[in-house]
Amino acid sequence: APGVAAAAALAHEIAELWEPLVRPQITLATCQYPDDLRRAIIEQADAGATRIAVVILGSPESAAAEHALALASDTAKHDLATQVRVASSIWNDRQLARRLAERVLAHVEHTPYANVGVALVCPGSPEAWVRRYAASEQTENYFIQRVRMRLSDAGLKCEHVRAAWLDWQPPDVTETIRHLAVLGC
């Protein structure tokens, strides 16, 4: 999945921000394999880490993340010499919404904004997951709204910035693109 490549690139960029002598060890783990986070924590602890930060590059309010964090928590409880802390969701970071809006605007800089439509594509979740992980849905919605607001503040019509879902939820990408086309985008 492209998410793994993006996470690896981000880990590399973060590591480069540190001086070599104080550079933290960064270990990637995927929530696709819940035991992977547990493995990463054990690997960090075995390498001598006494404080470990877990940063989830998606919504922590999901079935996969919940399961991975539960396994990780059990592991951390057995090793009292290692402190494990989970950072807040990256989706709450206002800079992420700003950067996404900047990327969109960079791609349309030579196009009249009245003709520009933007489909913000989200993965989507089955209805049962939406009910169980309502906070995840809210986090995603707030992120979309922050991006929409930034694009609107830059001059795009707010109604020309639409959310679309890859799976499970309407509207899908095709429906959203068709809707934007009808609006003249």
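Helices and strands here are DSSP runs, counted from the N terminus, with at least four residues for a helix and at least two for a strand. With that in hand, here's a tour of this predicted model.

**View 1. Ala154 sits in a loop between helix 6 and strand 4.** Is Ala154 buried, exposed or something in between? Its relative accessible area is 36%, so Ala154 counts as partly exposed. Setting aside residues up to four places away in sequence, Ala154 touches Leu105 and Tyr113. Now look for Ala29: Ala154 and Ala29 are 125 residues apart along the sequence, and their C-alpha atoms are 37 Å apart in space.

**View 2. The whole chain, for getting your bearings: seven helices and four strands.** Starting at the N terminus, you can trace the elements in the order α-α-β-α-β-α-β-α-α-β-α. The C-alpha trace spans about 60 × 40 × 25 Å along its principal axes. Of the 185 residues in the chain, 29% are buried. The accessible surface of the chain is about 12,000 Å², and carbon and sulfur atoms account for 56% of that. Take the contacts in the chain with a separation of 6 or more: 64% of them link residues 24 or more positions apart. As for charges, the chain has 18 positive and 22 negative ones, and the mean positions of the two groups are 4 Å apart.

**View 3. The largest nonpolar core has 17 residues.** In soluble globular proteins, nonpolar side chains tend to be buried together. Which members touch the most others in this core? They are Val118, Leu120, Ile144, Val147, Leu151, Leu156 and Val161. At least two core residues come from each of helix 4 (94–107), strand 3 (118–122), helix 6 (134–153) and strand 4 (161–165). Zoom in on Val161 and, leaving out its neighbours within four places in sequence, you'll find contacts with Val118, Leu120, Arg148, Leu151 and Leu156. Another core, of ten residues, lies apart from this one; its members include Ile52, Ile56, Ala65 and Ala68.

**View 4. Asp36 is a buried residue in helix 2, which covers residues 35–46.** Why does Asp36 count as buried? Because its relative accessible area is 16%, and the cut-off for buried is under 20%. A polar atom of the Asp36 side chain lies 2.9 Å from the backbone nitrogen of Thr30. The Asp36 side chain also makes a polar contact, at 2.7 Å, with the side chain of Arg39. Beyond four places in sequence, Asp36 touches Leu28, Ala29 and Thr30.

**View 5. Helix 7, residues 173–182, with a look at how the helix starts and what follows.** At the start, a side-chain oxygen of Asp172 comes to within 3.3 Å of the backbone nitrogen of Thr174. After the helix comes Gly184, with a positive phi near 100°.

**View 6. Thr176 is another resident of helix 7.** Thr176 is buried, since its relative accessible area is just 3%. What does its side chain reach? One of its polar atoms lies 3.4 Å from the backbone oxygen of Ala163. Skipping neighbours within four places in sequence, Thr176 is in contact with Ala119, Arg162, Ala163, Ala164 and Pro171.

Methods
Residues are numbered from 1 along each chain as its sequence is written. This is a predicted model: local features need pLDDT of at least 70, side-chain atom pairs count only at pLDDT 80 or more; totals for chains, interfaces and linings use all residues. Side-chain values use heavy atoms; hydrogens and water are left out. A nonpolar core is a set of buried Ala, Val, Leu, Ile, Met, Phe, Trp, Tyr and Cys residues joined through side-chain atoms within 4.5 Å. Buried means under 20% relative accessible area, exposed over 50%, partly exposed in between (1.4 Å probe, protein chains only). Contact means heavy atoms within 4.5 Å. Accessible areas come from the Shrake-Rupley method with a 1.4 Å probe; for residues, only the protein chains shown count as cover. Lys and Arg count as positive and Asp and Glu as negative; His and the chain ends are not counted. The place of a charge is taken as NZ of Lys, CZ of Arg, CG of Asp or CD of Glu. A polar contact is a pair of N or O atoms within 3.5 Å; within protein, one must be able to donate a hydrogen and the other to accept it, and residues adjacent in sequence count only if both atoms are side-chain atoms.
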